[in-house]
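Let's walk through this structure together, beginning with the ligand and its surroundings and then turning to the way the helices pack. Keep the 3D view open as you read.

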Amino acid sequence: MSDLLAGKTIVITGASSGIGRAIALTAAKHGAKAVIVSDITETPREGGEPTTKAIAALSLGTLTKFQHADVSSPDDNDKLIAAAEEFGGVDIMMCNAGISLSADGADVSAADFQRLMAINVNGTLFGAQAAARQMKKLGKKGSIILMASMGGLAGAAVTLAYSTSKGGIVQMARSLADAYGPDGIRVNAIAPGSIDTELLRATPGVASVTEGFRLRTPLRRVGQPDEIANVVVFLGSDLASYITGVILPVDGGLLAVI
Ligand SMILES: NC(=O)c1ccc[n+]([C@@H]2O[C@H](COP(=O)([O-])OP(=O)(O)OC[C@H]3O[C@@H](n4cnc5c(N)ncnc54)[C@H](O)[C@@H]3O)[C@@H](O)[C@H]2O)c1
């Protein structure tokens with residue numbers, strides 16, 4: 001498709017399924033040198049072959065590797081980033097892994113809330129920190145991209161915990177942009193609207209309001225994982241060299257209207 005990511009190594013968490021998988025495949029199509037696929041399982045939630053096999057099937061010569069990592073573990077994040085050294089170190093870190101809850105809302109249980117925060121918030125921070133440490137060590141002016149959500153920019157009763165976690169990621173992106181900017185490392189976040197993945201389909205509260213979102217979305221449709229992946233290619237590429245600290249909605253216009 002292009003050589004926008006030529007020579008770059010991208011690490012993607014939660015890349016076996018959904019948006020992360022689309023990012024991995026799209027990065028390969030845009031010339032990434034190496035795509036490191038990370039997740040707690042190699043099996044895509046929506047079915048199909050593992051992401052590394054799908055990348056190999058593109059026959060683009062992309063180097064690829066699966067690295068198991070639970071993002072809520074600092075050690076796993078360190079091992080994941082260490083795995084990138086074999087490919088020259090991480091140039092683009094995509095902190096994508098995240099979960100939603102089947103029983104979210106104002107009565108969310110303490111255990112569910114803590115599990116969600118451990119993955120969505122702690123996991124995002126630990127991944128970004130590990131990547132930045134390596135970028136600084138290797139003198140790379142890298143790009144770190146966090147996965148927020150429209151749920152982090154607006155709240156809803158059915159997504160109380162999820163929205164709280166994604167709102168945290170919004171401020172994390174701005175704060176990390178300030179922290180790492182002097183080293184030439186850019187940090188941005190993407191805030192997707194409703195994207196057609198298993199996460200959306202399998203979360204009862206969210207699934208129940210998706211049709212309402214669709215009808216209010218100016219483009220009148222849910223998004224596809226590729227439409228988020230294309231934005232990652234831009235933010236990860238040198239075309240975005242002066243963009244940092246930005247929270248970019250990719251939502252068909254939903255947040256622009258009331
Ligand atoms: N689908 C949407 O509508 C939507 C909207 C806004 C934001 N997002 C965000 O996009 C990201 C990807 O979501 P998706 O829709 O592709 O979901 P998905 O469920 O299809 O994929 C998420 C992947 O993350 C992995 N994962 C779960 N826990 C993990 C952990 N502890 N460590 C590492 N990996 C783990 C899962 O195994 C899965 O492969 C999430 O952060 C999600 O919150 C999704």
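For sorting residues by character, Ala, Val, Leu, Ile, Met, Phe, Trp, Tyr, Cys and Pro count as nonpolar, Asp, Glu, Lys and Arg as charged, and the others, Gly among them, as polar. With that scheme, the shell around the ligand divides into 14 nonpolar, ten polar and four charged residues. Please keep in mind that you are looking at a predicted model.

Which residues come nearest to the ligand? Of the 28 residues around it, the nearest are D39, R45, N96, Y162 and T197. R45 is a good place to zoom in: an N or O atom in its side chain is 2.6 Å from an oxygen atom of the ligand. The backbone takes part as well. A polar backbone atom of V71 is 3.0 Å from a nitrogen atom of the ligand, and a polar backbone atom of G193 is 3.5 Å from an oxygen atom of the ligand.

How much of the ligand's accessible area does the protein cover? On its own the ligand has 830 Å² of accessible area, and the protein covers 96% of that. The elements that give two or more residues to the shell are helix 1 (18-29), helix 5 (160-180) and helix 6 (198-201).

Two of these helices lead us on to the packing. Start with helix 1, which packs against helix 8 (residues 225-236) at an angle of about 50°, with the axes 8 Å apart. Angles under 35 degrees count as roughly parallel and those from 65 to 115 as roughly perpendicular, so helix 1 is oblique to helix 8. Helix 1 passes helix 8 in a right-handed crossing.

Now move to helix 5 and its partner, helix 4. Their axes are 9 Å apart and the packing angle is about 15°, which makes helix 4 roughly parallel to helix 5. This crossing is right-handed.

Helix 4 (residues 110-138) also meets helix 3 (residues 74-83): the two axes come within 9 Å and cross at roughly 40°. Helix 3 and helix 4 are therefore oblique to each other. Here, too, helix 3 passes helix 4 in a right-handed crossing.

Methods:
Residues are numbered from 1 along each chain as its sequence is written. This is a predicted model: local features need pLDDT of at least 70, side-chain atom pairs count only at pLDDT 80 or more; totals for chains, interfaces and linings use all residues. Side-chain values use heavy atoms; hydrogens and water are left out. A residue is near a molecule or strand if one of its heavy atoms lies within 4 Å of it. A polar contact is a pair of N or O atoms within 3.5 Å; within protein, one must be able to donate a hydrogen and the other to accept it, and residues adjacent in sequence count only if both atoms are side-chain atoms. Accessible areas come from the Shrake-Rupley method with a 1.4 Å probe; for residues, only the protein chains shown count as cover. Helices (H or I, at least four residues) and strands (E, at least two) are DSSP runs, numbered from the N terminus. Axes are lines fitted to C-alpha atoms, for helices over the stretch in contact, and angles run from 0 to 180 degrees between N-to-C directions. Angles under 35 degrees count as roughly parallel, over 145 as roughly antiparallel, 65 to 115 as roughly perpendicular and the rest as oblique. A crossing is left-handed if the near helix is turned anticlockwise from the far one by less than a right angle, and right-handed if clockwise.
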